[in-house]
Amino acid sequence: MPRLKNVFYVVGGLGALLVFAVPLLWALFRSVQPNDVIVAAPDRATFFQLTWDNFRTLIEGPGNLLRAVGNSLVVALSTAVLTALLATLAGYGFAKFRFRSGPVLFALVVVSMMIPFQAILTPLYLQLNVMRLTDSLFGLVLFYTTVNLPFGVFVMRNSFSSVPAELEDSAHVDGCGTLRMIASVLRPLITPGAATVALYAFLAAWTEFLGALTFLTKDELYTLPVALVNVQAGAYGEVNFGSLVAGSVIAMIPCVVLYVGLQRFYVTGLASGAVKG
């Protein structure tokens, strides 16, 4: 019976691997095929005709995709750092300080996670416009941080709730202030939660399209998702699938690298958030 269970685990694991890996490998393969081969019916004579022209067009073409990649990296990394920092401080407050309106405020944070950001896009645009932060990467970072902060506060509040109170008492007895205690004593315990928040915010900012299209109007400020829409269009509305799939491969590289690097923290952080209420 245990052997049969192991067989099911192996078969299930291989099935999940194929579901996730095959589309990625297929995108990689298609990205080095000419656009004519991609849109044509499969032909054994041309199917394995490979070229780097799609990537060369993206890098050297008028779309200037490298600048868009740089803008996306600045926005996504800044969003991840700012969201993790603010969520850590807010999570510690909700987990460790007892005040009358605390449960109500935390309930509002949780409820705000259920509101799609498209519903508040107009008031956020008006607010950023008054603050003169439209057409600004910093304004876009503030927008993404605002949208991702409720989930971050939820995760970090649960991470701090799992920290034993005796550990904090010992740190206070040794003369640690609150910020020093978080940075030096509690840091190893809350790192999975902070990594989860940072990774979630990075991926959300890296792949987001509508907000970037709404808040940015200058070509030199466009992020990667908006730039990809521009480079895929050809004459008479024709879609250049070669450039599109090559751009998608470029877009997925940071996500894959970051996810693989932070995977162990990500799983631990989500599990912590699932257990603690």
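What follows is a walk through the helices of this structure, their packing and their aromatic contacts.

The model is predicted. Its protein chain holds 13 helices and zero strands. Read from the N terminus, the order of elements is α-α-α-α-α-α-α-α-α-α-α-α-α. The C-alpha trace spans about 75 × 65 × 30 Å along its principal axes.

Helix packing comes next. Two packed helices are described by the angle between their axes and the distance between the axes. Three pairs are taken in turn.

Start with helix α7, residues 137–161, and helix α10, residues 187–207. Their axes come within 9 Å and cross at roughly 165°. Angles over 145 degrees count as roughly antiparallel, so α7 is roughly antiparallel to α10. The crossing of α7 past α10 is right-handed. On the α7 side, the contact is made by Y144, N148, F151, G152, V155, M156, S159 and F160. On the α10 side, I190, G193, A194, V197, Y200, A201, A204 and A205 make the contact. By class, the residues of this α7 contact with α10 are 12 nonpolar, four polar and no charged.

Stay with α7 and turn to helix α5, residues 102–112. The axes of α5 and α7 lie 8 Å apart, and the two helices pack at an angle of about 130°. An angle of this kind falls outside the parallel, antiparallel and perpendicular ranges, and α5 and α7 are therefore oblique to each other. Here α5 passes α7 in a left-handed crossing. From α5 come F106, V109, V110 and S112. They meet P150, V153, F154 and R157 of α7. The contact of α5 with α7 has six nonpolar residues, one polar and one charged.

Two of these contact residues, F106 of α5 and R157 of α7, also form a pairing of charge and ring. The charged end of R157 sits over the ring of F106. The distance from the ring centre is 4.4 Å.

The third pair is helix α4, residues 65–96, with helix α9, residues 178–185. Their axes come within 12 Å and cross at roughly 110°. Angles of 65 to 115 degrees count as roughly perpendicular, so α4 is roughly perpendicular to α9. The crossing of α4 and α9 is right-handed. T88, L89 and Y92 of α4 meet T178, L179, M181 and I182 of α9. This contact of α4 with α9 has five nonpolar, two polar and no charged residues.

Now the aromatic rings. A pair of aromatic rings is described by the distance of the centres and the angle of the planes. Across the whole structure, a search finds 13 aromatic pairs. One aromatic cluster is formed by F117, Y125, F143, Y144 and F215. Y144 links back to the helix packing: Y144 is one of the α7 residues in the contact with α10.

Methods
Residues are numbered from 1 along each chain as its sequence is written. This is a predicted model: local features need pLDDT of at least 70, side-chain atom pairs count only at pLDDT 80 or more; totals for chains, interfaces and linings use all residues. Side-chain values use heavy atoms; hydrogens and water are left out. Axes are lines fitted to C-alpha atoms, for helices over the stretch in contact, and angles run from 0 to 180 degrees between N-to-C directions. Helices (H or I, at least four residues) and strands (E, at least two) are DSSP runs, numbered from the N terminus. Angles under 35 degrees count as roughly parallel, over 145 as roughly antiparallel, 65 to 115 as roughly perpendicular and the rest as oblique. A crossing is left-handed if the near helix is turned anticlockwise from the far one by less than a right angle, and right-handed if clockwise. Contact means heavy atoms within 4.5 Å. Ala, Val, Leu, Ile, Met, Phe, Trp, Tyr, Cys and Pro count as nonpolar, Asp, Glu, Lys and Arg as charged, and the others, Gly among them, as polar. Rings of Phe, Tyr and Trp (its six-membered ring) pair if their centres lie within 6.5 Å; planes under 30 degrees apart count as stacked, over 60 as edge-to-face and the rest as tilted. A charge sits over a ring if NZ of Lys or CZ of Arg is within 6 Å of the ring centre and within 35 degrees of the ring normal.
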